[in-house]
Number of protein chains: 2
Amino acid sequence: MSLPHAVLTSLLEKSTSGYDLARRFDKSIGYFWHATHQQIYRELARMEGAGWIEGFVPPDAGKTRKKHYRVLPAGRAELVRWAAEPTPPMDLRDSFTVKLRADAILDEVDLCEELARHNALHAARLAQYRAIEARDFPATPPLTRAQAIQHMILKKGILYEEGEIAWGQEMLALLRRPAQT
Amino acid sequence: MSLPHAVLTSLLEKSTSGYDLARRFDKSIGYFWHATHQQIYRELARMEGAGWIEGFVPPDAGKTRKKHYRVLPAGRAELVRWAAEPTPPMDLRDSFTVKLRADAILDEVDLCEELARHNALHAARLAQYRAIEARDFPATPPLTRAQAIQHMILKKGILYEEGEIAWGQEMLALLRRPAQT
DNA sequence: GTGCCCATGTAAAGGGTTACATGATTAA
DNA sequence: TTAATCATGTAACCCTTTACATGGGCAC
């Protein structure tokens with residue numbers, strides 16, 4: 001369970017509203033931890049109750065209902081505590097791979113189109129990541145430690161997508177090969 | 001939701017008991033879809049109720065309580081139906097990456113040891129996968145389509161672990177670098 | 001006969017997904 | 001003024017996780 005900690009991290013990077021957090025979870029941080037707006041609102045309410053964060057009306061609020069949250073010392077301490085815990089390695093739940101196993105024994109299944117679609121999705125994401133990299137990490141050496149870490153996280157995403165694409169193309173070639181006995 | 005379909009696939013590959021399925025989910029198929037024995041027993045009961053599978057006492061049962069399950073035509077049809085559905089791409093939930101983001105802004109966090117531990121785990125898994133590959137896919141060309149697909153699935157795991165290790169080593173070097181300014 | 005593994009389950013709690021609800025601003 | 005988007009929520013359902021329970025076989 002680390003959704004609250006993902007939210008804390010995101011809020012530490014920049015205080016913001018639940019709505020904007022949800023959008024951030026659809027983009028940058030969401031590539032490593034997905035969450036819907038319902039989850040986020042629920043967690044924000046919980047964490048405010050626990051004294052980890054506090055809500056406030058931003059100075060430029062005007063007439064909107066927008067409410068911002070910022071991390072309190074207790075929240076920061078909790079994040080540090082959690083980060084020191086051992087983490088189990090990510091467990092994968094890839095339903096497409098299950099379908100491939102089904103394909104291997106079933107005949108009636110044809111995953112070519114679906115695989116091609118996935119390959120295109122991965123290519124699109126890769127392009128996004130590369131654009132972010134070009135924008136946020138232009139020169140190489142003069143980086144703070146924080147920037148260097150953030151760059152490595154982005155590179156992890158890039159490597160992952162590159163791997164998916166390379167593998168996906170080989171797999172597609174295999175699936176398209178006519179079934180010779 | 002595709003745990004039942006992962007179970008169906010596994011049962012099609014080989015009829016077996018809930019207990020052995022659970023162990024299989026701790027190994028081969030579990031690398032792409034994790035499940036505990038509680039989930040598996042529950043799914044087996046549900047699927048038997050739905051007429052997708054049937055339980056039977058294996059001929060060599062003797063005095064054990066062991067019960068085997070095999071896939072019925074309805075289950076096979078359901079698997080085909082499901083495989084034809086579009087799949088969303090896997091969404092990642094990698095708490096270690098969240099911790100890295102926390103590290104980038106927190107100072108009090110030190111992830112070196114944990115990262116080294118993860119790297120060792122990935123190396124161990126890679127070794128396992130390579131051993132399986134050497135055992136199950138020795139020669140190259142004379143493969144059936146099913147074997148070729150299964151080999152590609154294994155290769156996906158190998159590529160993934162190799163990527164994790166390469167990235168993890170670079171990341172470790174970065175984390176170990178003394179914080180200059 | 002004690003301890004360990006096999007083998008199957010139940011129960012409770014918590015997290016995630018989907019559907020629904022509401023009101024307020026902004027653009028056509 | 002109608003539709004879309006902003007912004008925040010509630011409720012129900014399902015899935016997953018964790019803890020507990022049970023009883024049989026087997027080895028020492």
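In this predicted model, helix α3(B) tucks four residues away from the surface: Ile40(B), Glu43(B), Leu44(B) and Met47(B) are buried. These four spread over an arc of only 105° around the axis, so they end up on the same side of α3(B). What do they meet there? The buried residues of α3(B) pack against α1 (3-13), α2 (18-25), β2 (53-56) and β3 (68-71) of chain B.

The length of α3(B) works out nicely too. The helix takes in residues 37-50 of chain B, and its 14 residues should span 20 Å at 1.5 Å a residue; the end C-alpha atoms are 20 Å apart, so the two figures agree. Just past the end of α3(B) comes Gly51(B), with a positive phi of about 80°.

Over in chain A, helix α1 (residues 3-13) has nine of its eleven residues buried, which means that the rest of the structure largely encloses this helix. The buried stretch reads Leu3(A), Pro4(A), His5(A), Ala6(A), Val7(A), Leu8(A), Thr9(A), Ser10(A) and Leu11(A). Buried here stands for under 20% relative accessible area.

The strands of chain A come next. Strand β3(A), residues 68-71, pairs with β1(A), residues 16-17, in the antiparallel sense over two bridges. Strand β2(A), residues 53-56, also runs antiparallel to β3(A), and that pairing has four bridges. Which residue of β3(A) partners Ser17(A)? The bridge partner is His68(A), and His68(A) is the bridge partner of Phe56(A) as well.

Key
Residues numbered from 1 in each chain as written. Chains lettered and ligands numbered in written order. Predicted model: local features only at pLDDT ≥ 70, side-chain atom pairs only at ≥ 80, totals over all residues. Heavy atoms only, no water. Expected span 1.5 Å × (residues − 1). Buried < 20%, exposed > 50% of the residue type's maximum accessible area, 1.4 Å probe, protein only. Arc of directions from axis to C-beta. Contact = heavy atoms within 4.5 Å. Pairing = 2+ DSSP bridges.
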